[in-house]
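Student: I'd love a close look at one part of this protein. Could you walk me through how a pair of neighbouring helices meet, and then what lies around them?

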Amino acid sequence: MRVIRELVTRPSIFAVALIALASTVALGQEQAKPLVESSGVCASGEAMMRTKLLAEIEASKAQWIESYNKLKTREDVEARQSRMRESFRAALGPMWDHNAPLNVQVTGKTTREKFRVENIIFESVPGVYVTGALMLPLEERFKPPYPAMLIVCGHTSNGKAYELYQGLGILAAVNGLAAFVMDPIDQGERFQYLNKEGNPVTQSVPAHNLVQAGSILVGRNTATFEVWDGMRAIDFLQSRSDIQGDKIGVCGTSGGGTQSSYIMNLDDRIALGAPSCYICNIFDDLTHNLGPQDGEQNIFGQLAFGMDHADYLFMRAPMPTLMACATKDFFNCDDGWESYRYAVRIFSRLGYANRITIVEKDDEHGYSDIARVGTVRWALLWFAGRNDEITEHDQPLLTNDEILSIKSGKSVMSLPGAKTSRDLNVELARELEPTRRAKWLDISADAASQLVRGRAILRAESELPTAKEVATADAEGGRDVVYETDEQIFLTSRENFGADEKFDEMTIIISDKSRATDVCKASLASGGKVAAIELRGYGDTQAIGRTYYSHSQFGTDGSDNCLAYLLGKTYVGMRCDDLLAMANYYRATHGVKKIRLVAEGYAGTIGLIATIASPSAFESVKLEGDLPTWMEQLQREYGPIPLTNTIHGVLNDFDIDDLTSYLDRIGKLAK
């Protein structure tokens, strides 16, 4: 089954070959086969980083199991729950004010044979409009107040109007539960990226990935917005006299399974959770075959602090929890069962084995009838003490006119003062700016080094491996050398040192493309001692990557970056480590005392940070080509924001212009 799924979720071999050819031409590569491959030191340069990161994820699984096996007592479990929730919450970054007015609008009402509906708009943040349909029982059938389910939608264009999502809400209402079916950002009535005619330019998964790229820069996540909207939906439900505020659950499938897994763990007011078609694990099929999913499914450093999908099931144990899955789901069902088994043992140790259960249908990915009926039955059991045999409802679905909250049919962006997720991130960046700028006033070299090292996540200099030469080949204007800078991490350097073995000065050039750009060629031909180095993920080891993360918006290595992100690593930090390891090598091998650094394009980020992180490493750094600030990238409506050039929460501590101003002030920024 995994082999079949691999074929349908990845480009054909022919397509990959075409992409590789196009990449080779675009990057100015002069060799048909990268030296790191032809030399035999690396089976696939394109897959080098993916292989390395997946090995680290495999190691993190062993660490997770070891940590899990130490949970022997209630105190052990509660300590882990508290630690996971605290780390999870911190990884989502700053949220907003629960006391801000919701400004609820009821824009329409519909009554059907067995249920009724209210069309709702509220503001989760001033100017951020949330649309939803509140499904309610008829009072002659069930007396209020009602227990309620928050239904968060998966990745469908029409959000709450999708037949399975509104159908679940109707099923709940027909059987005596209230249900609020809520549109996530970039779905339903909440499209944010619009053209001049008001039509969406991008939506659902691609839009969520775009939100994620900008959110990283301020230390947020796409999930931050989804979780907050869910929390404010609970505020809305609790504000109503016809809802039992202490009996609110959350459920959803696919992307809604992700959201419900998060909300049920981060909001204590949730009394029951039922995620569907999402829970598997990060260690196996999801990362190794399917590949990292949309932005909100990747929480920064979650494997570093030890949070896997099983934790979503028992982070708030013994809260009643139902897990729904599908046998043929691309979210691997066997991996889901493994997580369920880990969770059920925790519930058992706490003495509440009856509070967790699982339902599975032999079906593809989606909200199956088994999952929908099972969710409503589970809620009725724990909220109303009813163990009824129920079946799918017999009520006609709502029309668009009946379910839409904005009767004009337009996006929420047509409403007064409407704000996007990007607007909120820009607001936060501007709030952070004065404090960030102040950090760099009269900062010492040591403090500056610690600041960039900590944020970009560089190794301590004492922990840097010694780069070693592993292969060479003749090249135009010198020779190409393959170095290993870390275990199974190879990079190519085009060097023009002449016949000299020892020399005092040299220039290192790094480019975000390859060692064969015009800038690199010109410097190699200048007559000095020059090395044009391709750091990991550049040139010979440039990843082709899945187009799930749009190459034009995020770079070709977006998926690999997500693997690093899950591990709490940054490509910027790892590339800085490569560069510093190479500088150390040239000093030790060739006796170099003075190194000038030239950085082209987005590799300028590496040049600036490495120069500050290791004050004695480089005499100066010169930037070539365009290097926009992160603030400028954040303000772009549609990107691009290259993911491997992002650092989680970087705008808390510095922007590109902070770094250049500092280096200019101390005389290390070459013009």
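**A helix pair and its surroundings**

Tutor: Happy to! In this predicted model, His 208, Val 211, Gln 212 and Ser 215 of helix α7 make contact with Thr 222, Phe 225 and Glu 226 of helix α8. By type, the residues of this contact are two nonpolar, four polar and one charged. Helix α7 covers residues 204-217 and helix α8 residues 222-238; their axes come within 7 Å and cross at roughly 105°. An angle from 65 to 115 degrees counts as roughly perpendicular, so α7 and α8 are roughly perpendicular to each other.

Now let's follow α8 into the interior. The largest nonpolar core has 103 residues, and those touching the most other members are Phe 88, Phe 180 and Phe 314. Helix α8 supplies the largest share of this core, nine residues. Let's pause at Phe 314: leaving aside residues up to four places away in sequence, Phe 314 touches Trp 64, Tyr 68, Leu 71, Arg 80, Gln 81, Tyr 342, Ala 343, Ile 346 and Phe 347. Another core, of 64 residues, lies apart from that one, and its members include Val 426, Tyr 538, Ile 609 and Leu 659.

To round off the tour, here is a sheet. Eight strands form an open, mixed sheet in the order β12-β13-β14-β16-β15-β17-β18-β19. At its edges are β12 (468-475) and β19 (669-670), each pairing on one side only. Within the sheet, β13 (residues 478-486) and β14 (residues 489-496) pair in the antiparallel sense over seven bridges, and Asp 480 stands opposite Arg 494 in β14.

Methods: Residues are numbered from 1 along each chain as its sequence is written. This is a predicted model: local features need pLDDT of at least 70, side-chain atom pairs count only at pLDDT 80 or more; totals for chains, interfaces and linings use all residues. Side-chain values use heavy atoms; hydrogens and water are left out. Axes are lines fitted to C-alpha atoms, for helices over the stretch in contact, and angles run from 0 to 180 degrees between N-to-C directions. Helices (H or I, at least four residues) and strands (E, at least two) are DSSP runs, numbered from the N terminus. Angles under 35 degrees count as roughly parallel, over 145 as roughly antiparallel, 65 to 115 as roughly perpendicular and the rest as oblique. Contact means heavy atoms within 4.5 Å. Ala, Val, Leu, Ile, Met, Phe, Trp, Tyr, Cys and Pro count as nonpolar, Asp, Glu, Lys and Arg as charged, and the others, Gly among them, as polar. A nonpolar core is a set of buried Ala, Val, Leu, Ile, Met, Phe, Trp, Tyr and Cys residues joined through side-chain atoms within 4.5 Å. Buried means under 20% relative accessible area, exposed over 50%, partly exposed in between (1.4 Å probe, protein chains only). Two strands pair if DSSP finds at least two bridges between them.
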